[in-house]
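User: Please take a close look at the largest cavity in this model. I would like to know what lines it and how the surrounding elements are arranged.

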Amino acid sequence: MAVEGAVGTGGEPESSDSLRTFGAVVQALREHAGLSREEFGERVRFSKHTVASVELGRRMPDPTFVERAEEALGNTGALRKAAGHLARQPGLAAWFRQWARLEATAITLYTYECRLIPGLLQTEAYARTLFTNQLPPLDDTQIEAQWVARAERRRLLRERPNTAFGFILEEGLLLRRTGGVEVTRGLTDHVLEIAQLRNVEIQVMPQVRETHAGLDGPMQLLETPENTWFAYCEGQRGGLLIPDLKEISVLQRRYARMRSQALAITDSLSLLEQMRGAL
């Protein structure tokens with residue numbers, strides 16, 4: 001199986017100098033070619049605002065941007081090589097960055113979780129509970145960096161209304177009451193609120209279920225704007241980005257089966273409301 005993955009170290013804060021340097025190179029090459037940001041954006045099929053964000057070092061360029069920029073600016077190979085040394089914003093573990101870059105522009109993102117509420121659905125109180133109880137322990141700066149990165153990722157749900165997000169959550173994730181009753185109450189309210197978005201579907205896998213296609217663990221499936229699929233599986237100390245189509249096909253079939261085994265969307269929301277009332 002063709003996979004890419006590396007062991008993370010807890011997402012310690014890193015410098016963003018590499019992002020600024022990459023952006024400066026893009027800007028210099030663009031100006032040398034005599035292109036405005038708007039003209040360059042048309043060539044790479046990204047908005048001028050995205051181009052500006054990349055050039056100013058505020059945004060991690062996704063692989064599609066890098067490839068199109070290379071083609072538009074002479075195919076020197078400089079941008080491809082430089083992209084390999086980019087550091088994501090503080091708070092994202094090294095082994096997660098490549099997936100996060102794909103996630104930022106995905107048109108479809110499916111997630112199944114059995115360990116904890118997915119990052120895109122977490123509240124600040126829930127996330128900070130996870131960070132403060134992490135081993136080895138994190139200091140205050142690291143915790144803050146992790147929350148900032150997670151908060152930025154959460155914006156995808158509202159800022160990408162044309163992206164289809166699907167979540168299958170184990171009922172036990174809320175029954176565990178991570179962080180206590182108040183944290184769980186706020187988390188349940190937040191999940192119910194997010195479930196009202198037209199581009200988000202949330203299903204609950206009931207605690208009692210005789211058959212289950214997801215017993216091998218959590219998974220994420222993602223479709224890019226070019227209709228290419230990737231998968232991602234995460235463990236205790238690292239994650240695997242999976243580009244192999246045969247492996248992705250297996251995970252897609254498992255996810256499809258889980259959608260039929262989980263509660264229907266309306267029933268899932270009813271259960272979440274019942275659980276909220278019981279807190």
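Analyst: What follows describes the cavity, then the strands linked to it, and last a buried arginine. The model is predicted.

The count comes to 1 cavity of 30 Å³ or more. The space in the largest cavity is about 30 Å³. Its lining is made up of L169, E170, E171, L174, V204, L272 and M275. By residue class, that lining holds 5 nonpolar and 2 charged residues, with no polar ones. Two elements, strand β3 (164-170) and helix α13 (265-277), each supply at least two of the lining residues.

Strand β3 also pairs with strand β4, in the parallel sense and over 6 bridges. One of the bridge partnerships joins F165 to V200 of β4. Strand β4 covers residues 200-205 and is mostly covered itself, with 5 of its 6 residues buried. V204 is among the residues lining the cavity. As a general point, side chains in a regular strand alternate between the two faces of the sheet.

A separate site is R101, in helix α6 (residues 97-103). R101 counts as buried because its relative accessible area is 16%, under the 20% cut-off. A polar atom of the R101 side chain lies 3.3 Å from the backbone oxygen of P61. Leaving out residues up to four places away in sequence, R101 touches M60, P61, D62, P63 and A83. P61 thus appears both in that list of contacts and as the residue whose backbone oxygen lies 3.3 Å from the arginine side chain.

Note on methods:
Residues numbered from 1 in each chain as written. Predicted model: local features only at pLDDT ≥ 70, side-chain atom pairs only at ≥ 80, totals over all residues. Heavy atoms only, no water. 1 Å grid on protein atoms, 1.4 Å probe; cavity = no way out; pocket = protein on both sides within 12 Å on 5 of 7 lines; lining within 4 Å. Points joined across faces, edges and corners; volume = space filled by probe spheres on them. Helix = DSSP H or I, 4+ residues; strand = E, 2+ residues; numbered from the N terminus. Nonpolar A, V, L, I, M, F, W, Y, C, P; charged D, E, K, R; others polar. Buried < 20%, exposed > 50% of the residue type's maximum accessible area, 1.4 Å probe, protein only. Pairing = 2+ DSSP bridges. Polar contact = N/O pair within 3.5 Å; in protein donor to acceptor, adjacent residues only side chain to side chain. Contact = heavy atoms within 4.5 Å.
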